[in-house]
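Work through these short exercises with the structure open beside you. Try each task before reading its solution.

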Amino acid sequence: MALFSVESVKFSSRTQDIIKGVSMEIEMGSVTGLLGRSGSGKSTLLKLVAGILVPTGGRVLFDGKDIQLMSNVENKTFRRRCSYVFQDSALWANQTIEQNLNLPLQTHNQSMSRDERSSRIRRMCEIVRFNRPLSLRPVDLSMGEQKRVAFARALINDPEVLFLDECTESLDQDGSDHILSLLVDFINSGKTVIYVSHRSEFIDIMNRSRNSRVYDIDAGFLRGADDYEI
Ligand SMILES: Nc1ncnc2c1ncn2[C@@H]1O[C@H](COP(=O)(O)OP(=O)(O)OP(=O)(O)O)[C@@H](O)[C@H]1O
Ligand SMILES: [Mg+2]
């Protein structure tokens, strides 16, 4: 059984049809890229697969279960197993960086002591090479620094699946190379990645992994693009 089954998914806003009937299967341990021009619906589709947006037609199954029909307990397990790096980072503006990183631990790792949480947060910041004070708020950080924190937040509960929306955008070359090397380790440990990217270097490295596949999103429709040329 596929990890995710996307079945004839549609998404319309009040004013337009954004995703117009997309079906695909995502296997555990695979790397799936959603490519396409700006405004084609990549971020919308990624959020639909991740259960963040509710389809206006069709359904998305995770482990055979319709995400929108999960019980609260099933949904919480689903959310612990899957993490998301948003295109705009989407950190809580009124919380410090420490509080931003604490929140997923408090939600999904309630048995952890305060000290354990604190050391996990510090360790994650080292891993993503974020070295500014944790008492700062997102507004005090550059976009690239916010991306590092968003990445740390996504990894902090040791997820099985990562959704990445332009996760190296706004990072400099060093920062981008470093995040890519963390991602390659993540993929090599058998985990699942579903990503959106414009960067050919990023797509190229993702495509080197076993079991990788890219799709071209074109005006809300999906075209298989395994022959994608960078
Ligand atoms: N919640 C929403 N309500 C109304 N319209 C939306 C919503 N989300 C996205 N759109 C519209 O849907 C279209 C696709 O947006 P989306 O953000 O998915 O594109 P994208 O492919 O990720 O673009 P980019 O590469 O610029 O990030 C755009 O025309 C956008 O204005
Ligand atoms: Mg987008």
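**Exercise 1. Find which residue of strand 2 stands opposite Val 9.**

Solution. This is a predicted model, so read each position as computed.
- Step 1. Look across from Val 9 to strand 2; the residue opposite is Val 22.
- Step 2. Now take in the whole pair. Strand 1 and strand 2 are antiparallel, with seven bridges between them.
- Step 3. Follow the chain from strand 1 to strand 2. A hairpin makes this connection through four residues.

**Exercise 2. Work out the order of the strands in the open sheet, and say which strands stand at the edges.**

Solution.
- Step 1. Start from strand 1 (4-12). Strand 2 is its antiparallel partner, over seven bridges.
- Step 2. Strand 4 also runs antiparallel to strand 1, and five bridges join them. One of the matched pairs is Phe 4 with Phe 62 of strand 4.
- Step 3. Move on from strand 4 (residues 57-62), which pairs with strand 5 over two bridges, again antiparallel. Here Leu 61 has Asp 66 in strand 5 as its bridge partner.
- Step 4. Put the pairs together. The four strands form an open sheet in the order 2-1-4-5, with antiparallel pairing.
- Step 5. Read off the edges: strand 2 (17-26) and strand 5 (65-66). Each has a single partner strand, so one side of each lacks a neighbour in the sheet.

As background, strands of a sheet pair through backbone hydrogen bonds, in either a parallel or an antiparallel way.

**Exercise 3. Place helix 1 relative to the strands.**

Solution.
- Step 1. Locate helix 1 at residues 42-49.
- Step 2. Check what this helix lies across: strand 1, strand 2 and strand 4.
- Step 3. Compare directions. Helix 1 runs at about 50° to strand 2.

**Exercise 4. Describe the surroundings of ligand 1.**

Solution.
- Step 1. Count the shell: 13 residues surround ligand 1. The closest are Ser 38, Gly 39, Lys 42, Ser 43 and Thr 44.
- Step 2. Sort the shell by class. Ten residues are polar, two are charged and one is nonpolar.
- Step 3. Ask which element gives the most to this shell. Helix 1 does, with three residues.
- Step 4. Look for polar contacts with oxygen atoms of the ligand. A polar backbone atom of Gly 39 is 2.9 Å from one. A polar side-chain atom of Ser 43 lies 2.8 Å from an oxygen atom. For Gln 87, a side-chain N or O atom is 2.9 Å from an oxygen atom.
- Step 5. Finish with the area. Ligand 1 taken alone exposes 640 Å², and the protein buries 62% of that.

Technical notes. Residues numbered from 1 in each chain as written. Chains lettered and ligands numbered in written order. Predicted model: local features only at pLDDT ≥ 70, side-chain atom pairs only at ≥ 80, totals over all residues. Heavy atoms only, no water. Pairing = 2+ DSSP bridges. Contact = heavy atoms within 4.5 Å. Axes fitted to C-alpha atoms, helices over the stretch in contact; angles between N-to-C directions. Near = heavy atom within 4 Å. Polar contact = N/O pair within 3.5 Å; in protein donor to acceptor, adjacent residues only side chain to side chain. Areas by Shrake-Rupley, 256 points an atom, 1.4 Å probe, with all protein chains shown as cover. Nonpolar A, V, L, I, M, F, W, Y, C, P; charged D, E, K, R; others polar.
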